Amino acid sequence: MNNQLFVSGSPHVHSDESVKKIMWAVVIALLPALVVSVYYFGLPALLVTVVSILSCLIFEYLIQRFLIKGQNTLGNGSAVITGLLLAFNLPSNLPLHWVVVGALVAIGIGKMAFGGLGNNPFNPALVGRVFLLISRPVEMTSWPRPTPIWSFGADAITGPTPLGIIKEGVGSGKTIEQIISSTANFPSNIDMLFGQMGGSFGEVSFIVLLVGALFLIFRKVITWHIPVSFIVSAFLLSGVLYLYNPACYANPFFHIITGGLMLGACFMATDMVTSPTSPWGMIVFGTGCGILTIVIRIFGAYPEGVSFAILLMNAFTPLINKAFKPKRFGEKLSVKC
């Protein structure tokens, strides 16, 4: 038989949308967060973003051209998304050569080693971020405090994130109330909502990330299932722990508006290649991400757990898809008479 049906790798789009349109819609949704990041952390944040995106584009082209020798895929925007999300998960003062290394790992190992877009089991940007976190823990946990937009960050003051402050204080035997009252300039809830705090520069503004997520849901680029289940499960578990012992566990609102939970829930866990395809599968996936995030934050060695939680659940995506696989069209139901 000469007539063969070739099925490409995911994502499979059943509408007038294309992969290119979807990817660039995500870029548009992330632009407000980039603007806020540059406002708070100055030009270094913009420089890290540009270097990350350009590095991802160059590495994808070189690997595609000389190793895989396939069709050029730069135009679909996936490398831009990877570079942008990788940058959002980095401190703005990270040396640029390490940004390039992270981009190489994200594209070369996280994406192209599996055959390119649609074949990668793990989110490429998170692969790059976790590699840098494990290999360069000092540089990856030296968080600049917000600086004026015109600052180049040469004399930027670094310090722990709110999550790090809480974790370190609780570990030394202090209560949450004592930690907040004894920490100079501990960010208020309003500051944390808008991003006036230390951290990876693209994850700090809850409000702006929420606006971008609503835009993607309105455009039907993503659905509500993963973000809502991610946030709700994290809220409920942290809420139970807070009710059990409010002196040792932060309130659930604190966990939702700090760290990378919003960025992860709405822009990284929703990656259509590495997340389940069915609605119930998405809910299970998001719930697992939320629970693991809180477990790692509170009981793990790192004060943040979003990246590890998403990568762990990425590994379970094939099993979740198998467990919640919809019935095939035309399949007969077994009915006992």
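A contact here means heavy atoms within 4.5 Å. On that basis, residues 24 or more positions apart account for 74% of the contacts in the protein with a separation of 6 or more.

This is a predicted model, in which local features need pLDDT of at least 70 and side-chain atom pairs count only at pLDDT 80 or more, while totals for chains, interfaces and linings use all residues. Residues are numbered from 1 along each chain as its sequence is written, and side-chain values use heavy atoms, with hydrogens and water left out.

**Overall make-up**

The protein has 15 helices and 2 strands. These are DSSP runs, numbered from the N terminus: helices are H or I with at least four residues, strands are E with at least two. The protein has 337 residues, and 50% of them count as buried. Buried means under 20% relative accessible area, exposed means over 50%, and partly exposed lies in between (1.4 Å probe, protein chains only).

**Helix packing**

Two packed helices are described by the angle between their axes and the distance between the axes. The axes are lines fitted to C-alpha atoms, for helices over the stretch in contact, and angles run from 0 to 180 degrees between N-to-C directions.

Helix H1 (residues 19–41) packs on H10 at about 170 degrees, and their axes are 9 Å apart. H1 is therefore roughly antiparallel to H10. The cut-offs are under 35 degrees for roughly parallel, over 145 for roughly antiparallel and 65 to 115 for roughly perpendicular, with the rest oblique. The crossing of H1 and H10 is right-handed. A crossing is right-handed if the near helix is turned clockwise from the far one by less than a right angle, and left-handed if anticlockwise.

H1 brings Ala25, Val26, Ile28, Ala29, Pro32, Ala33 and Val36 to this contact, and H10 brings Val208, Leu209, Gly212, Phe215 and Leu216. By class, the contact of H1 with H10 has 11 nonpolar, 1 polar and no charged residues. Ala, Val, Leu, Ile, Met, Phe, Trp, Tyr, Cys and Pro count as nonpolar; Asp, Glu, Lys and Arg count as charged; the others, Gly among them, count as polar.

H11 and helix H14 (residues 279–299) pack at about 35 degrees, with axes 7 Å apart. Their crossing is right-handed. The contact of H11 with H14 holds 14 nonpolar, 8 polar and no charged residues.

**Salt bridges**

The whole structure has 3 salt bridges. Each pairs a side-chain nitrogen of Lys or Arg with a carboxyl oxygen of Asp or Glu within 4 Å.

| Acid | Base | N to O distance |
|---|---|---|
| Glu60 | Lys111 | 2.7 Å |
| Glu139 | Arg136 | 2.6 Å |
| Glu304 | Arg297 | 2.9 Å |

In the pair of Glu60 and Lys111, Glu60 lies in helix H2 (residues 43–68) and Lys111 in the loop between helix H4 (96–109) and helix H5 (124–135), so the pair ties together parts that are 51 residues apart in sequence. Glu60 and Lys111 are both buried. Glu304 and Arg297 are buried as well. Glu139 is partly exposed at 21% relative accessible area, and Arg136 is partly exposed at 28%.

**Two single residues**

Ser307 sits in helix H15 (residues 306–323). Its relative accessibility is 3%, so Ser307 counts as buried. Leaving aside residues up to four places away in sequence, Ser307 touches Asn89, Leu126, Arg129 and Val130.

Lys220 is in the loop between helix H10 (206–218) and helix H11 (225–244). Lys220 counts as exposed because its relative accessibility is 73%. Lys220 and Ile22 are 198 residues apart along the chain, and their C-alpha atoms are separated by 9.3 Å.
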